[in-house]
Amino acid sequence: MATDARAKRHYEDIVVGAPYEYGAYPVTKEEIFAFAHAYDPQPHHIDEEAAKLSLVKGLCASGWHSCAMFMRLFYDGMLADAASMGGPAIDQVKWLKPVRPGHVLKARSTCVEKRVMRSRPGVGICKMQHEMFNQDDELLMTMENAFFIAVRNPSAAARETGGAA
Amino acid sequence: MSTYFEDLELGRVTELGSFAFTAKNIKEFAAKYDPQPFHMDEEAAKSSIFGALCASGWQTASVYTGLNIRARQKREAEARARGEEIARWGPSPGFKDLKWPKPVFAGDTVTYRQTIAELTNFKNRPERGLLVTRGEGFNQHGQLVYEVSVSILVPRRVPLGAS
């Protein structure tokens, strides 16, 4: 059990500056409707006819649904085999283009900075830049956040980071 | 009321209501969008940094949006009933400074509110202003568990500079 846990991706395995690409997530009309009825029942997310007349000119997913679908992509692509400890915040999200039914989403994530918490040497923080695209490589959404990930060898990692706060 | 940019008052607070997070709705959301063990399984959650089953942060955020949109639609329906013209809000370019300061556990009830935080005019976009709303959610102990600043474009009744 301990061996299995240590085999997962840890803080030490995250390479700063190396883009990691993953996906795919097919977006369906049914799922757009279901999410929107629960969490964002605006006409352009729940009614195809009304959506045509709206500012976005056609049915599209709620921006919060886009975030949720990105989360699933990120989980399947990066977190499922990582010793993740969650994330406390999202610094910024930009909804650049509508996510439409029929899109197949994929994502690219780059760690731009990482450090070990001085107060908790077993916990590393990775600052990430994420981009979500459709099958035609159109950039639909960007996200910046930091997440916590377990450190495999706390004493060695702390020395390397220089004991950053 | 409050459908055009000119009608918005900086600092005005709207109470949006509450939502009860249960093990069932936490696991349902997580199974679709965020199946990390601490959102899916009580036993696994016990040994995680959170100590107990807790909601995906995206569920906490999505519930806020649902309450916010329904509150806005209620205001619009009331205005429509009074025969007022309804402005079409949007689109939303995104959000910033989203924080989940504490976990939302199964059994917690979160009460949300919204404050008008920023109102910005654009010289090059005289027909719309940018509204930034500050959303907050508090658990039943009064602890802040969610905050976010969401941007949305709101039409002006009279374009900026027009008389």
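I will walk through a predicted model of two chains, A and B, beginning with one chain, then turning to the sheet the chains share, and ending with a few single residues.

Let me start with chain A, which has 165 residues, of which 37% count as buried. If you follow its C-alpha trace along the principal axes, chain A spans about 60 × 30 × 30 Å. There are 6 helices and 5 strands in this chain, and from the N terminus on, the elements run α-β-α-α-α-α-β-β-β-β-α. When we take the contacts in chain A with a separation of 6 or more, 73% of them are between residues 24 or more positions apart.

Now to the sheet, which I would ask you to trace strand by strand on the structure. It is an open sheet of 10 strands, with antiparallel pairing, in the order β1(A)-β3(A)-β4(A)-β5(A)-β2(A)-β2(B)-β5(B)-β4(B)-β3(B)-β1(B). The edge strands are β1 of chain A, residues 20–26, and β1 of chain B, residues 13–20, each of which pairs on one side only. On average, and ignoring direction, neighbouring strands of this sheet are turned by 20° against each other.

Where do the two chains meet within that order? Strand β2 of chain A, residues 89–95, is joined to β2(B) by 5 bridges, and these two strands run antiparallel. To pick out one pair for yourselves, look at Gln92(A), whose bridge partner in β2(B) is Lys96(B). On into chain B, β2(B) is joined by 4 bridges to strand β5 of chain B, residues 144–155, again running antiparallel, and here Lys99(B) has Glu147(B) as its bridge partner in β5(B).

Helices pack on this sheet as well. In chain A, helix α5, residues 63–79, packs on the sheet and touches β1, β2, β3, β4 and β5 of chain A, with its direction making about 125° with that of β1(A). In chain B, α4(B) packs on the sheet and touches β1, β2, β3, β4 and β5 of chain B, and its direction makes about 130° with that of β1(B).

Let me say something about the contact between the chains as a whole, which takes 23 residues from chain B and 26 residues from chain A. On the side of chain B that touches chain A, α4 (57–81) and β2 (94–99) each supply at least two residues, and the largest share, 7 residues, comes from α4(B). Sorted by class, that side of chain B has 12 nonpolar, 7 polar and 4 charged residues.

One residue of α4 in chain B deserves a closer look, namely Val63(B). Why does Val63(B) count as buried? Val63(B) has 27 C-beta neighbours inside 10 Å, and the cut-off for being buried is 20 or more. Leaving out residues up to four places away in sequence, Val63(B) touches Tyr39(A) and Phe19(B). Val63(B) and Ser18(B), although 45 residues apart in sequence, are 9.2 Å apart in space, C-alpha to C-alpha.

Next, please find helix α1 of chain B, residues 23–33, where Ile26(B), Phe29(B), Ala30(B) and Tyr33(B) are buried. Seen down the axis of α1(B), its buried residues fall within an arc of 100°, and so they line one face of the helix. It helps to remember that an α-helix has 3.6 residues a turn, so residues three or four places apart point the same way. The buried residues of α1(B) pack against α5 of chain A together with α2 (37–40) and α4 of chain B, while the face turned away from that buried side carries the exposed residues Lys24(B), Glu28(B) and Ala31(B).

I will finish with some details of the backbone. Most residues other than glycine have a negative phi, and most peptide bonds are trans. Against that background, a cis peptide bond joins Gly90(B) and Pro91(B), with omega about -5°, and Pro91(B) has its place in the loop between α4 and β2 of chain B.

Asp137(A) has a phi near 60°, a positive value in a residue other than glycine, and lies in the loop between β4 and β5 of chain A. With 7 C-beta neighbours inside 10 Å, Asp137(A) counts as exposed. Asp97(B) also has a positive phi, near 55°, but its place is in strand β2 of chain B, and with 14 other C-beta atoms within 10 Å, Asp97(B) is partly exposed.

Key: Residues numbered from 1 in each chain as written. Chains lettered and ligands numbered in written order. Predicted model: local features only at pLDDT ≥ 70, side-chain atom pairs only at ≥ 80, totals over all residues. Contact = placed C-beta atoms within 7 Å. Nonpolar A, V, L, I, M, F, W, Y, C, P; charged D, E, K, R; others polar. Pairing = 2+ DSSP bridges. Axes fitted to C-alpha atoms, helices over the stretch in contact; angles between N-to-C directions. Buried ≥ 20, exposed ≤ 12 C-beta atoms within 10 Å, placed from the backbone. Arc of directions from axis to C-beta.
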